[in-house]
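Grab a pencil and work through these exercises one at a time. Try each task yourself before you read the solution.

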Amino acid sequence: WTPQTSPLTLNFSDGTRTIYLHAVDRAGNIESVQYEIKVDTQAPQLTETITGTSGSSPWYISDVQVAIAQSDPFPSSGIQYFAYSKDGGSTWINYTAPFTLSEGVYDLQMHLVDNADNQDLKSQEIKVDTTVPSISGSLDQIPNALGWIDTDVNLTASVSDSTSGVASFESSLDNATWTAQSSPLTLNFTDGTYTVYLRAIDNAGNEYGIQQEIKVDSQSPTISHQVTGTLGENFWYTSAIQVEVTQVDPAPSSGIQSFQTSLDGTNWTN
């Protein structure tokens, strides 16, 4: 016991204590009281650990796992409330274990309150895009069974990405030299054989590519012939004749599919 004067002022820092007061008057009457005093002036602390595959900043290109640790400096009053929100504070979930964020954009809020109402509140935007861009395309002419088109052809293509958006869209004819394109794009192809490469990269860094072979031959093959024999009167030959037939397909050629002759226009021979 420590003698005191009245009024008395005692100061208490962090911790839990029971203070006893005892007063005795000159007649010997006694009054005793006690008070429990609990002081916690230190805020608890949140520490988040975010794990995932980083793409183009600030995006992740894989699912993200979030682990949140909490601590309350000694002497602690204990944790009253520990929760997180993925939608900026509209919906709160009590934190019990690490959780996963799949594709989307999240306004992550983390809230920790101790029993003395000290608190720590943190927020972080997390962007997740695990899906590659989509490329769609079509030709305005239909190839034949052998894959050839007999007229100039247009390739129309477009790209989309619903999460992070399209960062770039390019085309190439050699898979080495690339040309920036806007979406949709239209490419025209005349006679020749081409392999068209298209690639798209979204703002998260996901990349997707496709290729399309285009074969165009708009020039008809030509036939010439030479007759060898003894020519008589009125365009009649007076000897057996030999006919030599030659075919030519102008370059760039698709190649000859069939080459036939007939003596009656009905029965054909290769």
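**Exercise 1. How many aromatic pairs does the structure hold?**

Before you start: this is a predicted model, where local features need pLDDT of at least 70, side-chain atom pairs count only at pLDDT 80 or more, and totals for chains, interfaces and linings use all residues. Residues are numbered from 1 along each chain as its sequence is written, and side-chain values use heavy atoms, with hydrogens and water left out.

Step 1. Get the rule straight: rings of Phe, Tyr and Trp (its six-membered ring) pair if their centres lie within 6.5 Å; planes under 30 degrees apart are stacked, over 60 edge-to-face, and the rest tilted.

Step 2. Counting by that rule gives 5 aromatic pairs. One of them is Phe82 with Tyr95, a tilted pair at 5.0 Å centre to centre with 45° between the planes.

Step 3. Now place the two rings. Phe82 lies in strand β6 (residues 79–85) and Tyr95 in the loop between β7 (93–94) and β8 (99–101), so this pair ties together parts 13 residues apart in sequence. Strands here are DSSP runs (E, at least two residues; helices are H or I, at least four), numbered from the N terminus.

Step 4. Look at Tyr95 again: Tyr84 pairs with Tyr95 too, edge-to-face, at 6.1 Å centre to centre and 75° between the planes. Tyr84 sits in strand β6, 11 residues from Tyr95.

Step 5. Put it together: Phe82, Tyr84, Tyr95 and Phe99 form one aromatic cluster.

**Exercise 2. Are Phe82 and Tyr95 buried or exposed?**

Step 1. Here's the scale: buried means under 20% relative accessible area, exposed over 50%, and partly exposed in between (1.4 Å probe, protein chains only).

Step 2. Phe82 and Tyr95 are both buried. Tyr84 is buried as well.

**Exercise 3. Which residue forms a salt bridge with Glu48?**

Step 1. Start with the idea: side chains of opposite charge can pair when their charged atoms come close. The cut-off is a side-chain nitrogen of Lys or Arg within 4 Å of a carboxyl oxygen of Asp or Glu.

Step 2. The partner of Glu48 is Lys122, with the closest N and O atoms 3.8 Å apart. Glu48 is in strand β3 (residues 45–51) and Lys122 in strand β10 (residues 119–128), 74 residues apart.

Step 3. Check the surroundings: Glu48 is partly exposed at 24% relative accessibility, and Lys122 is partly exposed at 30%.

**Exercise 4. What does the charged end of Arg199 sit over?**

Step 1. A charge sits over a ring if NZ of Lys or CZ of Arg is within 6 Å of the ring centre and within 35 degrees of the ring normal.

Step 2. For Arg199, the ring belongs to Trp178, and its centre is 4.0 Å away.

Step 3. Arg199 also meets Glu170 in a salt bridge (2.7 Å, N to O). Arg199 lies in strand β17 and Glu170 in strand β14, so that contact ties together parts 29 residues apart in sequence.

Step 4. Compare burial: Arg199 is partly exposed at 22%, while Glu170 counts as buried at 17%.

**Exercise 5. Where is Asn175 found?**

Step 1. Asn175 is in the loop between β14 and β15.

Step 2. Check its backbone: phi of Asn175 is near 60°, a positive value in a residue other than glycine.

Step 3. Finish with accessibility: Asn175 is partly exposed, at 44%.
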